[in-house]
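Here is a friendly walk through one model, from single residues to empty space. Have your viewer ready and follow along.

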Amino acid sequence: MSERMRRVFLHVGLPKTGTSYLQTIVWSHREELRDAGLLVPGRERRDHLWASLEIREDPSLQRRGRRAPQAWQVVRDQSRAWSGDVLISHEFFGAASHRQAAAMVDALRADDVEVHVVVTARDPLGLFTSSWQEHLKNKGTTPIARYAREVSTDPTVIWNWRALDLRLVLDRWGTLTDPAQVHVITPPPSEAPRAELWQRFCSVLGLPDDVADAGAGFANSSMGVSEAETLRRLNQRLRGFDRAFDRGVWIRSYLADDRLAVRAGDPFWPDADQITECRRRGEDAVEFVRAAGFDVVGDIDALRVPADLPERRHPQSVTDAEVADVALDLVADLLGEVRRLTKQSADDQAGRSLSDQARRLRHRLRR
């Protein structure tokens, strides 16, 4: 094996398993990781997203700006020039077809490296409800009762069992390397410190967990049932916001995370048959991982849906009155924000005017 680069770790998902938390830590501490021998290649964090679009042959790559089509080549070139380990991380890689995944692994192996596949996972029911919310945060309008009813054959589709089912993802990615080099990281217990996921991730990468501040990451927020249904209905009326950047900034962050999730509304479950399906997928994944001999970090039984579940509402139970209540609070909040920003803009303009007056006065005094 070449001395230039020993191992490449491909963190390919699953979505909604703490990937944003881990990636925020990684990208906030690139220099510390580099000093420890691990390269995170790319010019910016989006390069790993854009690389996943190229690997999955997603035509939207060409609409992401002039830097996007260069991303995979930049990641390859920087990785090739590095003599230590490399981490490439984005949860959208997991939706790649077997052919696309094999092409990526073969391209990396051409540089004489040992490829490791890393998958963070969780129980399918929690994953299902979280992914439906993410669908809404990306301007989705599908009711939960119709969400992910079929497995897509399209590698550009993310919010579907294609990218959410651990067994399906490992069917495509887990056969490309030695089973000992496929690492399945299970979720820490709910009572465990948040940093334990980072510690498990570091154990796979061969890094001390104190190489970076685990507090640098963040957890994606969940909306309550009334808030989620309000966003779904709002998405049906939105015009524009079709660019990924606009959806991410305005719908996902500004509206869903900063204004709806903070209301801490009631959690919810999908339909009873969907819960049954989630339970089956969890059982299948556990048996598949055990039979394949993959490296499991944590408790494999944490990937099962619990037998006993607490009572929760269904999104279809949300009334028009509840939606109106959430919407009115939003209007009041947004009106206050418009007023604050308008006043701030006026104050800034007044400050510039005073500055201009002072500059003109100094000019006259010098004459």
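Is Asp112 buried, partly exposed or exposed, going by its relative accessible area? The model is a predicted one, and in it Asp112 has a relative accessible area of 39%. Buried would need a value under 20% and exposed a value over 50%, so Asp112 counts as partly exposed. Asp112 belongs to the loop between helix H5 (98-109) and strand E4 (114-120).

**Backbone oddities**

Most residues other than glycine have a negative phi, and most peptide bonds are trans. With that background, Asp112 is worth a look, since its phi is positive, near 65°. Lys139 also has a positive phi without being a glycine, with a value near 75°. You will find Lys139 in the loop between H6 and H7. The peptide bond between Gly13 and Leu14 is cis, with omega at about 0°. Leu14 sits in the loop that runs between strand E1 (7-11) and helix H1 (19-28).

**Around helix H6**

Let us stay with H6 for a while. His135 is part of this helix. Its relative accessibility is 15%, and the limit for buried is under 20%, so His135 counts as buried. Setting aside residues up to four places away in sequence, His135 touches Gly140, Thr141, Thr142, Tyr147 and Trp159.

Ile144 lies in the loop between H6 and H7. With a relative accessible area of 2%, Ile144 is buried. What does Ile144 contact, once its neighbours within four places in sequence are left aside? The partners are Phe128, Trp132, Phe268, Pro270, Gln274, His314 and Pro315. As a yardstick for your viewer, the C-alpha atoms of Ile144 and Glu57 are 28 Å apart, and the two residues are separated by 87 places in sequence.

H6 also packs against H10, at an angle of about 35° and with 9 Å between the axes. The crossing of H6 and H10 is left-handed. From H6 the contact takes Trp132, Leu136 and Lys137, and from H10 it takes Ala228, Leu231, Arg232 and Asn235. By class, this contact has 4 nonpolar, 1 polar and 2 charged residues. An α-helix has 3.6 residues a turn, so residues three or four places apart point the same way.

How many of the residues of helix H10 (residues 225-235) are buried? The count is 9 of 11, which leaves the helix mostly covered. The buried set is Val225, Ser226, Glu227, Ala228, Glu229, Thr230, Leu231, Arg232 and Asn235.

**Pockets and a cavity**

Rolling a probe the size of a water molecule over the atoms shows where empty space is left. The table gathers the volumes of the spaces discussed here.

| Space | Volume |
|---|---|
| Largest pocket | about 1,400 Å³ |
| Second largest pocket | about 1,200 Å³ |
| Largest cavity | about 70 Å³ |

The largest pocket has 42 lining residues, and Leu49, Arg64, Phe92, Asn138 and Ala244 lie nearest its centre. Two or more lining residues come from each of H1, helix H3 (46-55) and helix H11 (244-260). Which element gives the largest share of this lining? That is H11, with 7 residues. By class, the lining of the largest pocket splits into 14 nonpolar, 13 polar and 15 charged residues.

Around the second largest pocket there are 36 lining residues, with Lys16, Thr17, Gly18, Arg122 and Pro187 nearest its centre. H1, H6 and helix H9 (196-205) supply at least two lining residues each. H6 gives the most to the lining of the second largest pocket, with 6 residues. This lining has 15 nonpolar, 12 polar and 9 charged residues.

As for enclosed space, the count is 1 cavity of 30 Å³ or more. The largest cavity is lined by 13 residues, and Arg122, Pro124, Leu164, Leu166 and Ala285 are the closest to its centre. Helix H6 (124-137), helix H7 (161-164), helix H8 (166-173) and helix H12 (272-292) each give two or more residues to the lining of the largest cavity. That lining divides into 9 nonpolar, no polar and 4 charged residues.

Terms used. Residues numbered from 1 in each chain as written. Predicted model: local features only at pLDDT ≥ 70, side-chain atom pairs only at ≥ 80, totals over all residues. Heavy atoms only, no water. 1 Å grid on protein atoms, 1.4 Å probe; cavity = no way out; pocket = protein on both sides within 12 Å on 5 of 7 lines; lining within 4 Å. Points joined across faces, edges and corners; volume = space filled by probe spheres on them. Helix = DSSP H or I, 4+ residues; strand = E, 2+ residues; numbered from the N terminus. Nonpolar A, V, L, I, M, F, W, Y, C, P; charged D, E, K, R; others polar. Buried < 20%, exposed > 50% of the residue type's maximum accessible area, 1.4 Å probe, protein only. Contact = heavy atoms within 4.5 Å. Axes fitted to C-alpha atoms, helices over the stretch in contact; angles between N-to-C directions. Left-handed = near helix turned anticlockwise from the far one by under 90°.
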